[in-house]
Amino acid sequence: MAKMNKVRMGMVGGGEGAFIGAVHRHALALDGQIELVCGAFSRDEGNNQRTADALGLDENRSYPSWEALLKAEQALPEDERMQVLIIVTPNHLHVPISIAAVEAGFHVFCEKPAAISLEEASRLKSTLKNSSALYGLAHTYLGYPMVWQAQHMVSSGALGTIRKVYVEYPQGWLSANEESHNKQASWRTDPAQSGGSGCMGDIGTHAFGLVEFVLGQQVTSLCAELQTHVEGRRLDDDGAALIRTEGGASGVLIASQVCAGEENALKIRVYGDKGGIEWQQMEPNSIIYRPLGEPFQVLRAGMGQPGLCDEATDRCRTPGGHPEGYLEAMANLYSYFAKAVKAADADGASHHANALGKAAGVPGIDSGLRGMAFIDAMLASSGSETKWHDVPSTNE
């Protein structure tokens, strides 16, 4: 059997003390398809070098900046240079680095949100149109097997016509003034680095993306209220919206980072005229299914489990009863992205990624545009006396 080469990836951001960079590194290593070969982990020279040393990187492939990384990797022989750049920086750098990487000939896998404005995300989409680069967005919760099962149950008609959706994402970690001493809180509450919204940009986009993915429908309008509860905080830390979808469903979306004592309690409930389903991130292996007029059922994730669609089964690694969680969900995104990169690079320059740089099974730039459209609508609605605001269409 011919040896299968690993996909070579580099990382910008994610240095010592950064939460999400370590999560990405754990996830990308899980299936053995990917190798981290280079990085520019921090603008702090000491932090950058310590991170590279801890990861066992070649000393010549630890770079002082993302610009230096792109220039040096581009100059390496094709079979040595990185193929994918992972971006785990604060939000304001996502688009500048993504565009530069794509123009340098690299694929991109980026933390969400894709940008800090709809205009920025649109510029990135234009860049992708003129390239053969793949672009993946780390909407990690869309890597869970039972989220795909939920989507399947909606699309197959098991719930009938969808009438109602409730989604909530309460956290409590910003209940006090964490930004005064916590680096992660500091940049997430800084408009210059995070964008126009705090809570909605950070976790509200996850809730919104989950709704549109599971329902297979776009949210067309919303009526929102944003709040900033902690004195002196510059961005919202709490909010809610009534929502309407293109399929005629109505719903409620709630996201908050000041729900004291809460962890990462993302939860979605969907109801049609034939039944409903419920899934929550902190119990991710289960879907509660409530068919109308019948006893409720609990569907369980796991290899060989009955009642699961192929998309859900394909994302399971262990038999039922062995919990698979957040790292495995992100690893699913990386696994599908790595497969797409291998296929794209094997086809050479003549290949153009399907559906504008989208890897099958991985959120892409269109998901990024939807997130920005959602944030724009939330800000506009909350700041206006007008009751309902359209969520800008991102379809061409």
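1. Let's start with helix α4, which covers residues 94-103 in this predicted model. With 8 of its 10 residues buried, the helix is largely enclosed by the rest of the structure. The buried ones are H94, V95, I97, S98, I99, A100, A101 and V102. What do they pack against? Their partners are two helices and several strands: α3 (66-75) and α5 (118-129) on the helical side, and β1 (7-13), β3 (84-88), β4 (107-111) and β5 (135-138) among the strands.

2. Two backbone details downstream of α4 deserve a look when you check the geometry. Most residues other than glycine have a negative phi, and most peptide bonds are trans. After α4 comes G105, with a positive phi near 95°. Further on, K112 and P113 are joined by a cis peptide bond, with omega about -5°. P113 sits in the loop between β4 and α5, and those two elements are both on the list of partners for the buried residues of α4.

3. K112 also turns up in the surroundings of T205, a residue of helix α9. Is T205 buried or exposed? It is buried, because its relative accessible area is 3%, below the 20% cut-off. Beyond neighbours within four places in sequence, T205 is in contact with K112, H139, M200, G371, F374 and I375. That list takes in G371, F374 and I375 from further along the chain as well as K112 and H139 from before α9.

4. Helix α9 (residues 199-215) matters for the nonpolar interior too, as it supplies 10 residues, the largest share, to the largest nonpolar core. That core has 86 residues, and V214 and V270 are the members that touch the most others. Setting aside residues up to four places away in sequence, V214 touches V147, A150, Q151, V154, I268 and V270. So which residues belong to the other core? A second, separate core has 30 residues, including M11, V23, F109 and V362.

5. Strand β9 (residues 250-256) ends with S256. At 2% relative accessibility, S256 counts as buried. Leaving out neighbours within four places in sequence, S256 is in contact with Y169, P170, Q171, C199, I203, D237 and D238. For a distance check, take S256 and E246: they are 10 residues apart in sequence, yet their C-alpha atoms are 26 Å apart in space.

6. T51 offers a contrasting pair to try in your viewer. It lies in helix α2 (residues 45-54) and is buried, with a relative accessible area of 6%. The C-alpha atoms of T51 and G15 are separated by 5.8 Å, with their positions 36 residues apart along the chain. G15 is also among the contacts of T51, which, apart from neighbours within four places in sequence, are G14, G15, E16, R25 and F41.

7. A68 belongs to helix α3, one of the elements that the buried residues of α4 pack against. A68 itself is partly exposed, with a relative accessible area of 25%. How far is A68 from L299, C-alpha to C-alpha? The two are 49 Å apart in space and 231 residues apart in sequence.

8. Now for the whole chain. The secondary structure comes to 13 helices and 14 strands. The radius of gyration is 21 Å, close to the 21 Å that the globule rule gives for 396 residues, so the chain is as compact as a globular protein of that length. Along the principal axes, the C-alpha trace spans about 65 × 55 × 40 Å. Among contacts between residues at least 6 apart in sequence, 70% join residues at least 24 apart.

9. Finally, burial, surface and charge. Of the 396 residues, 56% count as buried. The accessible surface is about 16900 Å², and 50% of that belongs to carbon and sulfur atoms. The chain carries 32 positive and 47 negative side chains. The centres of these two sets lie 3 Å apart.

Conventions: Residues numbered from 1 in each chain as written. Predicted model: local features only at pLDDT ≥ 70, side-chain atom pairs only at ≥ 80, totals over all residues. Heavy atoms only, no water. Helix = DSSP H or I, 4+ residues; strand = E, 2+ residues; numbered from the N terminus. Rg over C-alpha atoms; globule rule 2.2 N^0.38 Å. Buried < 20%, exposed > 50% of the residue type's maximum accessible area, 1.4 Å probe, protein only. Contact = heavy atoms within 4.5 Å. Areas by Shrake-Rupley, 256 points an atom, 1.4 Å probe, with all protein chains shown as cover. Lys, Arg positive; Asp, Glu negative; His and termini not counted. Charge placed at Lys NZ, Arg CZ, Asp CG, Glu CD. Core = buried A, V, L, I, M, F, W, Y, C linked by side-chain atoms within 4.5 Å.
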